[in-house]
Amino acid sequence: MNWKFHTPRFAADDSPELPASFIAGGAWSGHRRFAYDLVRFTRPRTIVELGTLYGTSYFSFCQAVKDAKLDTSCFAVDTWQGDAHTGQYGLADDTMYQAVNSVNAREFADIGTLLRSTFDEALAAFPNGSINILHIDGYHAYQAVLHDYLTWLPKLADNGIVLFHDTVVRLPDFGVYLLWGQLQSMPHLHFEHSNGLGVLFPKGCPEPFQAVLQQQEKLAAHYRSQE
Ligand SMILES: C[S@@+](CC[C@H](N)C(=O)[O-])C[C@H]1O[C@@H](n2cnc3c(N)ncnc32)[C@H](O)[C@@H]1O
């Protein structure tokens, strides 16, 4: 297995615009190093994230692209208005979007693009078969995550990867775990820490990844210890 465990320094950690409670201590924080290693391993052309908030996940993808000098474009799609699970951020309060935009412009200007829209509206910006890594982390009700998966699946490239966050959360109205359970016939990895992260190969699993899938326990132990 050629998978490499890097020790990145995340620019987001040194960005005063971003609250550390979200970036280094939030629900997604325990997956940042995996996301970073995944991007360096797969060297994707296009990464699209559905649901960005303060950018914990998004900036870890961008960091890997920057450090490895990859020719990768990263897109963050969010209304930055919140949803029924995160709460509404408030139309008059643009603080979150401005913070993410500021860090994106300073640290990742040639890499990252923020698309401030609904996920459905952003679909038209991407040709079918064009996305190599798709991260689905929007509203977590079952019908919502199912809708996001089905509407964006045509955009995924052959051998593309879909990431799902909150796969182990069993709170009322959370249904990612239900969808994740229905997708188990396809090649996948799963991390149970930090609310759970599913890594799915719905359009084929390339040969270099076959060996990685065999090392699920080793990877899980490593990233769990980094939480
Ligand atoms: C769970 S948060 C994302 C967390 C983020 N990935 C992180 O690393 O912290 C979900 C985000 O998705 C956005 N969202 C939910 N449904 C959406 C939709 N249909 N269109 C656009 N944004 C949406 C919300 O505004 C919210 O900021």
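A residue counts as buried when its relative accessible area is under 20%. Cysteine 74, at 1% relative accessibility, therefore counts as buried. The model described here is predicted.

## Overall form

The protein has nine helices and nine strands. Along its principal axes, the C-alpha trace spans about 50 × 35 × 35 Å. A compact globule with 227 residues would have a radius of gyration near 17 Å, and the 16 Å of the protein agrees with this. Of the 227 residues, 53% count as buried. Among contacts in the protein with a separation of 6 or more, 77% are accounted for by residues 24 or more positions apart.

## Cysteines

The second cysteine to consider is cysteine 62, which counts as buried at 0% relative accessibility. Its closest cysteine sulfur belongs to cysteine 74, at 4.1 Å, too far for a bond. Seen from the other side, the sulfur of cysteine 74 has that of cysteine 62 as its closest cysteine sulfur, again at 4.1 Å and too far for a bond. A disulfide requires a pair of cysteine sulfur atoms within 2.5 Å. By this rule, the count of disulfides is zero.

## Nonpolar cores

The largest nonpolar core has 49 residues, and those with the most contacts inside it are Phe34, Leu163, Leu189, Phe191, Val199 and Phe209. Helix α3 (residues 56–68) supplies the largest share of this core, seven residues. Leaving out residues up to four places away in sequence, phenylalanine 34 touches Trp3, Leu163, Leu189, Phe191, Leu197, Val199, Leu219 and Tyr223. Apart from this core lies another, of 23 residues, which include Val48, Trp152, Leu156 and Val162.

Alanine 64 has its place in helix α3 and, at 0% relative accessibility, counts as buried. Not counting residues up to four places away in sequence, alanine 64 touches Tyr36, Val39, Arg40 and Leu70. The C-alpha atoms of alanine 64 and phenylalanine 41 are separated by 9.7 Å, with their positions 23 residues apart along the chain.

Leucine 179 lies in helix α7 (residues 176–182) and counts as buried at 2% relative accessibility. Beyond its neighbours within four places in sequence, leucine 179 is in contact with Tyr142, Val145, Leu146, Tyr149 and Phe164. From leucine 179 to tyrosine 149 the C-alpha to C-alpha distance is 9.3 Å, and the two are 30 residues apart in sequence.

## Aromatic pairs and charges over rings

A pair of aromatic rings is described by the distance of the centres and the angle of the planes. The whole structure contains 19 aromatic pairs. Two of them are set out below.

| Ring pair | Distance of centres | Angle of planes | Class |
|---|---|---|---|
| Phenylalanine 10 and tyrosine 36 | 5.9 Å | 85° | edge-to-face |
| Tyrosine 149 and phenylalanine 164 | 5.6 Å | 50° | tilted |

The planes of phenylalanine 10 and tyrosine 36 stand at 85°, so this pair is edge-to-face; the cut-off for that class is over 60 degrees. Phenylalanine 10 lies in the segment before α1 (20–23), whereas tyrosine 36 belongs to helix α2 (residues 32–42), so the pair ties together parts 26 residues apart in sequence. Both phenylalanine 10 and tyrosine 36 are buried.

For tyrosine 149 and phenylalanine 164, the angle of 50° makes the pair tilted. This pair also links distant parts of the chain: tyrosine 149 is in helix α6 (residues 142–152) and phenylalanine 164 in strand β7 (residues 156–165), 15 residues apart. Both tyrosine 149 and phenylalanine 164 are buried. Both also appear among the contacts of leucine 179.

Ring pairs further link Trp3, Phe5, Phe34, Phe41, Phe191, Phe201, Phe209 and Tyr223 into a cluster. Of the cluster members, Phe34, Phe191 and Phe209 are also listed among the residues with the most contacts inside the largest nonpolar core.

Charged side chains are placed over rings as well. The charged end of lysine 66 sits over the ring of phenylalanine 108, 5.3 Å from its centre. The charged end of arginine 116 sits over the ring of tyrosine 97, with a distance of 4.4 Å to the ring centre.

Methods:
Residues are numbered from 1 along each chain as its sequence is written. This is a predicted model: local features need pLDDT of at least 70, side-chain atom pairs count only at pLDDT 80 or more; totals for chains, interfaces and linings use all residues. Side-chain values use heavy atoms; hydrogens and water are left out. Buried means under 20% relative accessible area, exposed over 50%, partly exposed in between (1.4 Å probe, protein chains only). Rings of Phe, Tyr and Trp (its six-membered ring) pair if their centres lie within 6.5 Å; planes under 30 degrees apart count as stacked, over 60 as edge-to-face and the rest as tilted. Helices (H or I, at least four residues) and strands (E, at least two) are DSSP runs, numbered from the N terminus. A charge sits over a ring if NZ of Lys or CZ of Arg is within 6 Å of the ring centre and within 35 degrees of the ring normal. A nonpolar core is a set of buried Ala, Val, Leu, Ile, Met, Phe, Trp, Tyr and Cys residues joined through side-chain atoms within 4.5 Å. Contact means heavy atoms within 4.5 Å. The radius of gyration is taken over C-alpha atoms; the globule rule is 2.2 Å times the number of residues to the power 0.38.
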